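Colleague: Could you take a close look at one part of this model for me, the surroundings of the bound ligands? I would also be glad to hear about anything unusual in the backbone elsewhere.

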Amino acid sequence: MSERNMGAAVGQVPEYVEMVTRWCKQNTRMPVIVKLTPNITNILMPARAALRGGADAVSLINTIQSVIGVDLDQMAPMPVVDGQGTHGGYCGPAVKPIALRMIGDIAREPDTAGLPISGIGGIGSWRDAAEFLAMGATTLQVCTAAMHYGFRIVEDMKDGLCAWMDHKGYATINDVTGRAVRQFVPWNQLNMKFRTIASIDQDACIKCGLCHIACEDTSHQAIAKSRVDGERHYEVIDEECVGCNLCAHVCPIDDCITMQPQPVEGRLTWPEHPDNPARVTVGS
Ligand SMILES: Cc1cc2nc3c(=O)[nH]c(=O)nc-3n(C[C@H](O)[C@H](O)[C@H](O)COP(=O)(O)O)c2cc1C
Ligand code: SF4
Ligand code: SF4
């Protein structure tokens, strides 16, 4: 197939998904679970196509096309195969955020909401498993973690998941599935009046200054640096802090910087926000 023809085929992915799914349904008594690639902008397009074709479920995500690095002596993508390289499939913990987002997209969309989802992509612990269920998965699959640690890891996940479900009072997997979906909203539906500010635990702080540099150079210059009793001292300037969370991420000490939610005064989303030039006036 020429490059040009391959391009055309990519544009027709939903049609192929629907056609192949329908063919499979017509030719087997087995349930048909359609595996979706994440190498696409809008995951709803193939999910809807699978649904139209009669799929019993979808599974996602497959691996993400990627190039792991470049051999600078051979000047070829790695791994180098006789002087050349090609793309590989990214998987494991790094792809979990992408998988959760795509599963959530399918689970929350009214026309695909009832479609059973087998969640895949970076599941390696009971907590990952619980998060995939909460975002709408009805079953789970594990690839990279099983390759890395063997099938025993699944037993560990089951033990952890059961203990957590007992603790929370969830009797079945169905009780967990989709619990977080209602709270997964488009960004413009978030309450813009919600505010958190960073707080430094001075007893835990080792005075490394990483938070100051990060906030000073790439955020809102909201961490003041001074000297107290001859020692370096870092203090958040509450009025300047926008709650971006960057300092908490760069701090090397666990829980030394915590984000403190401030009292919320009402609710205002972006569509109705005064700063939005295309704002919708409530009641109009
Ligand atoms: C070495 C390897 C081979 C794979 N082969 C296939 C395959 O033949 N068919 C397929 O649908 N997915 C294949 N996958 C994708 C996995 O089934 C899975 O969708 C993906 O790796 C994400 O899950 P994970 O993060 O748990 O690995 C493969 C993954 C790996 C790492
Ligand atoms: S949360 Fe962001 S703005 Fe606030 S102090 Fe930390 S880095 Fe600065
Ligand atoms: S990064 Fe953490 S440990 Fe380092 S100065 Fe800031 S608060 Fe203290």
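Modeller: Here is a walk through the ligand sites, followed by one helix pair and a few backbone details. Please keep in mind that this is a predicted model.

Let's begin with ligand 2. The space that ligand 2 takes up is the largest cavity. Around ligand 2 there are 13 residues, and the closest are C215, C241, C244, N245 and C247. Sorted by class, the shell of ligand 2 holds ten nonpolar and three polar residues, with no charged ones.

Now for ligand 3, whose space is the second largest cavity. The residues surrounding ligand 3 include the cysteines C205, C208, C211, C251 and C256. Among the other neighbours of ligand 3 are I200, I206 and I257, together with K207, G209, Y234 and P252. By class, the shell around ligand 3 splits into ten nonpolar residues, one polar and one charged. Cysteine is counted as nonpolar in these tallies, as is tyrosine.

Away from the ligands, there is a helix pair to look at. Helix 4 spans residues 96-108 and helix 5 spans residues 126-134; their axes are 9 Å apart and make an angle of about 25°. Angles under 35 degrees count as roughly parallel, so helix 4 and helix 5 are roughly parallel to each other. In this contact, helix 4 contributes K96, A99, L100 and I103, while helix 5 contributes D128, E131 and F132. The residues of this contact divide into four nonpolar and three charged, with no polar ones.

Finally, the backbone details you asked about. Most peptide bonds are trans, and most residues other than glycine have a negative phi. Against that background, the peptide bond from L60 to I61 is cis, with omega near 15°. I61 is found in the loop between strand 2 (57-60) and strand 3 (64-66). Another cis peptide bond runs from M78 to P79, with omega near -10°. P79 belongs to the loop that links strand 5 (76-77) and strand 6 (88-90). As for phi, D229 has a positive value of about 50° although D229 is not a glycine. D229 is placed in the loop between strand 10 (223-228) and strand 11 (231-236).

How values were computed
Residues numbered from 1 in each chain as written. Chains lettered and ligands numbered in written order. Predicted model: local features only at pLDDT ≥ 70, side-chain atom pairs only at ≥ 80, totals over all residues. Heavy atoms only, no water. Near = heavy atom within 4 Å. 1 Å grid on protein atoms, 1.4 Å probe; cavity = no way out; pocket = protein on both sides within 12 Å on 5 of 7 lines; lining within 4 Å. Sits in = over half its atoms within 2 Å of the grid points. Axes fitted to C-alpha atoms, helices over the stretch in contact; angles between N-to-C directions. Helix = DSSP H or I, 4+ residues; strand = E, 2+ residues; numbered from the N terminus. Parallel < 35°, antiparallel > 145°, perpendicular 65-115°, else oblique. Contact = heavy atoms within 4.5 Å.
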